[in-house]
Amino acid sequence: MTAPIATPEIPAQRQNLAFTLYPYVKSPDQEAVARRHPVVVVGAGPIGLAAALDLGRQGVPVLVLDDNEGIGEGSRAICFSKRALEICDRLGAAGPMLEKGVVWNLGKVFHDDRLLYEFNLLPEAGHAFPAFINLQQPYFEKFLHDTIVAVQAAGAPIEIRGCNRVEAVTPRTDHVALDVMTPDGPYRVEADWLIACDGARSPLRGMLGLGFEGRVFEDNFLIADVRMTADFPTERWFWFEPHFKSGASALLHKQPDDVWRIDFQLGWDIDRKAELEPARVRARVDAMLGPEVEYELVWTSIYTFQCRRMERFRQGRVIFAGDAAHQVSPFGARGANSGIQDVDNLCWKLKLVLEGMAPERLLDSYDAERVHGADENILNSTRATDFITPKTPVSKLFRNAVLDLAATQPFARSIVNSGRLSVPCTYDGSSLNGPDCENLPARTRPGSPVPDAPVADGWLLQALGGGFTLMTFDAEAPEVIKAHGVIVRRLALTATGNAALQARFLGEAPAAVYLIRPDQHVAARWSRYDETAVRAALARALALE
Amino acid sequence: MTKPLSGPRWPARWRWSEPMLTLTPNLSNPDESYARLIAAHEELSEAESHAMNARLVLILMNHIGDERVLAAAMAVARPER
Ligand SMILES: Cc1cc2nc3c(=O)[nH]c(=O)nc-3n(C[C@H](O)[C@H](O)[C@H](O)COP(=O)(O)OP(=O)(O)OC[C@H]3O[C@@H](n4cnc5c(N)ncnc54)[C@H](O)[C@@H]3O)c2cc1C
């Protein structure tokens with residue numbers, strides 16, 4: 001469909017790699033005539049790695065192509081949400097993330113030199129994972145890659161090829177052809193299905209001539225990660241119009257390894273090169289931390305932010321995920337966190353389609369559900385960005401009125417928006433949702449992610465795992481149901497003496513039966529087991545209807 | 001599924017009901033209240049007055065609370081375009 005990019009530069013190893021993980025090795029494919037692979041993933045960022053891990057663990061052969069040989073330096077994402085960690089846990093990668101990450105709950109919001117108020121994320125008790133951890137993105141990616149290496153050793157069919165840059169994609173009726181450039185020259189591969197995880201600038205999107213509509217925020221943010229041993233507390237500090245004048249807003253947030261994320265809002269008309277001069281950056285940081293604090297600049301960068309998405313995430317046999325499909329401003333930590341949820345939503349569907357157990361239109365539900373998720377994230381991060389960087393004099397007037405009132409009036413604190421932190425989305429209205437049952441709690445209605453809870457030998461989400469599950473609470477049901485070629489395993493639970501299960505899944509009801517999808521979202525629920533109803537709901541969740 | 005979100009979404013149960021914004025006379029002492037509003041701005045600079053008005057809107061908005069009433073009030077207040 002598209003011609004190869006004009007100048008076929010040879011992909012070379014990027015200079016600043018935090019970790020070299022998949023050095024270039026010549027593949028036999030390069031000598032062959034366009035070998036066919038069931039799934040090719042383009043891009044080994046966090047989303048491409050998670051997709052490869054999810055598919056590979058389920059036995060689906062997956063080839064990942066990346067134009068580098070590892071993870072670039074510089075942190076980008078630092079806040080990883082509970083749902084992203086739960087998904088990584090299903091993928092076997094969350095342990096080291098939790099161990100390395102910094103857990104935080106407290107936040108402080110300042111205006112000028114005034115502390116307006118403090119907030120506590122107050123995580124609900126009875127979850128395996130905290131609301132958030134802070135972890136540098138390269139570690140997050142490294143832990144995903146470590147897990148890939150471990151499952152590869154156990155036979156998972158995952159292959160990652162470094163220095164393999166995709167230069168053209170040609171969609172055909174039953175496959176996609178890819179032109180790939182390597183240090184040994186070009187070659188061709190074919191994919192039954194292509195997952196494009198090639199980031200916000202997505203060359204694949206461009207090659208297919210697809211749009212990426214949305215809003216650009218006319219503001220620049222200077223990110224400085226500094227290493228220091230100062231004992232600031234492990235809290236999120238956010239300043240509107242800080243007295244130290246280093247930016248129109250500022251953020252200070254702890255990461256592992258004594259590194260702190262500092263973020264200054266610089267405005268639109270700036271000289272980016274001059275602002276990145278170390279002396280200039282230091283002047284701003286000094287003003288914030290005080291001249292006596294010693295620190296080392298680990299990484300600096302200037303960003304502008306966009307909120308936008310593709311109109312459709314599925315384009316025939318090419319499926320977009322992560323930043324390639326949607327981009328948000330970082331206020332609210334919804335970028336990588338939502339990309340991980342894309343993977344969670346997509347991989348089980350793709351596996352069933354590849355195995356012929358579900359029709360291709362099951363993948364249209366990926367599009368519908370994750371577009372819904374992206375819209376929710378875009379709405380939230382657009383609102384946060386508008387509050388942080390008011391666009392008109394009157395919006396600034398109201399913003400500052402909110403901040404003034406917030407110092408004394410609790411109601412105004414609920415309006416202050418320095419980022420509504422990422423929470424998973426509920427697929428209300430999805431075509432995969434089956435019947436709901438009155439009287440059961442709203443938070444676990446069809447489409448919602450199953451909330452974690454303590455169970456006899458650990459945690460509910462760990463007990464659920466990654467297949468279709470019939471979760472019964474004080475209700476009878478067969479241990480295994482086979483229908484439409486799929487096996488549904490029963491997870492028998494009792495809410496007796498378990499207040500968390502009672503509140504999250506039963507409410508006032510004495511018993512309930514839930515059909516859970518492989519991505520741990522509720523498909524349907526009933527007051528008791530009924531074989532016909534479960535078979536019908538399963539058919540619906542497989543898009544067989 | 002759902003359409004791209006533009007404005008806030010209304011819960012279904014609100015959609016067909018009449019907004020309950022009071023536009024009939026409701027002040028117990030209109031002259032007194034109006035004089036108080038004007039007096040509250042005395043000796044404020046224009047910028048201070050605008051800031052005060054903004055705070056006042058937010059306080060009253062919170063007092064009203066109901067999204068439908070607020071939306072109806074904004075629609076009445078906004079000049080036609
Ligand atoms: C300052 C900042 C702070 C952020 N903070 C957070 C946060 O706290 N929490 C959060 O969840 N998110 C955050 N984000 C967002 C997060 O960084 C992104 O959402 C995330 O990196 C997206 O991952 P990805 O895998 O989709 O894309 P990327 O990480 O961009 O990966 C794309 C990959 O594709 C490869 N590639 C590109 N083109 C080709 C090609 N033609 N051939 C082969 N390979 C190719 C690239 O080399 C790269 O490895 C932040 C972002 C920024 C900028």
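In this predicted model, the ligand is surrounded by 31 residues. Asp66(A), Asp67(A), Arg76(A), Gln137(A) and Asp323(A) are the closest of them. Sorted by class, the shell around the ligand comprises 16 nonpolar, nine polar and six charged residues. Three elements of chain A, namely helix H1 (46-57), strand S11 and helix H8 (335-354), each contribute at least two residues to this shell. The greatest contribution is that of H8(A), which supplies three residues.

Both side-chain and backbone atoms of the protein approach polar atoms of the ligand. The side chain of Arg76(A) places an N or O atom 2.6 Å from an oxygen atom of the ligand. A nitrogen atom of the ligand lies 3.0 Å from a backbone N or O atom of Val166(A). A polar backbone atom of Asn337(A) is found 2.9 Å from an oxygen atom of the ligand. Of the 1,000 Å² of accessible area that the ligand has on its own, the protein covers 89%.

Strand S11 of chain A spans residues 165-171 and contains Glu167(A). The relative accessibility of Glu167(A) is 4%. Because this value falls under the 20% cut-off, Glu167(A) counts as buried. The side chain of Glu167(A) is joined to that of Arg165(A) by a polar contact of 2.8 Å.

Three further residues of chain A are also buried, and their accessibilities and C-alpha separations from selected residues are set out below.

| Residue | Relative accessible area | Partner residue | Separation in sequence | C-alpha distance |
|---|---|---|---|---|
| Val60(A) | 5% | Ile158(A) | 98 residues | 8.3 Å |
| Gly70(A) | 6% | Val480(A) | 410 residues | 43 Å |
| Arg317(A) | 16% | Glu124(A) | 193 residues | 41 Å |

Val60(A) occupies the loop between H1 and strand S3 (62-65) of chain A. Apart from neighbours within four places in sequence, Val60(A) is in contact with Val39(A), Leu55(A), Pro157(A), Lys351(A) and Leu354(A). The C-alpha atoms of Val60(A) and Ile158(A) are separated by 8.3 Å, although their positions lie 98 residues apart along the chain as a sequence separation.

Gly70(A) belongs to strand S4, which runs over residues 70-72 of chain A. With neighbours within four places in sequence set aside, the contacts of Gly70(A) are Leu17(A), Phe19(A), Thr20(A), Leu21(A) and Tyr22(A).

Arg317(A) is located in the loop between strand S19 (314-315) and strand S20 (318-320) of chain A. Its relative accessible area is 16%, and Arg317(A) is therefore buried. Beyond neighbours within four places in sequence, residues in contact with Arg317(A) include Arg172(A), Thr173(A), Asp174(A), His175(A) and Val176(A). The contacts of Arg317(A) also include Asp192(A), Trp193(A), Leu194(A) and Glu360(A). Two of these residues have polar atoms close to the arginine side chain in the following pairs. A polar atom of the side chain of Arg317(A) lies 2.8 Å from the backbone oxygen of Asp192(A). The side chains of Arg317(A) and Glu360(A) make a polar contact of 3.2 Å.

Helix H13 of chain A covers residues 499-506, and its buried residues are Ala500(A), Leu501(A), Arg504(A), Phe505(A) and Leu506(A). Viewed down the axis of H13(A), these buried residues fall within an arc of 160°, so they line one face of the helix. The cover over the buried residues of H13(A) includes strand S22 (454-455), helix H12 (460-464) and strand S24 (469-473) of chain A. Strand S26 (486-493) and strand S27 (512-516) of chain A are also included in that cover. Gly507(A) follows H13(A) and has a positive phi, near 60°.

Chain B contains three helices and zero strands, in the order α-α-α along the sequence. Of the 81 residues in chain B, 14% are buried. Chain B exposes about 6,900 Å², of which carbon and sulfur atoms supply 57%.

Terms used
Residues numbered from 1 in each chain as written. Chains lettered and ligands numbered in written order. Predicted model: local features only at pLDDT ≥ 70, side-chain atom pairs only at ≥ 80, totals over all residues. Heavy atoms only, no water. Helix = DSSP H or I, 4+ residues; strand = E, 2+ residues; numbered from the N terminus. Buried < 20%, exposed > 50% of the residue type's maximum accessible area, 1.4 Å probe, protein only. Polar contact = N/O pair within 3.5 Å; in protein donor to acceptor, adjacent residues only side chain to side chain. Near = heavy atom within 4 Å. Areas by Shrake-Rupley, 256 points an atom, 1.4 Å probe, with all protein chains shown as cover. Nonpolar A, V, L, I, M, F, W, Y, C, P; charged D, E, K, R; others polar. Arc of directions from axis to C-beta. Contact = heavy atoms within 4.5 Å.
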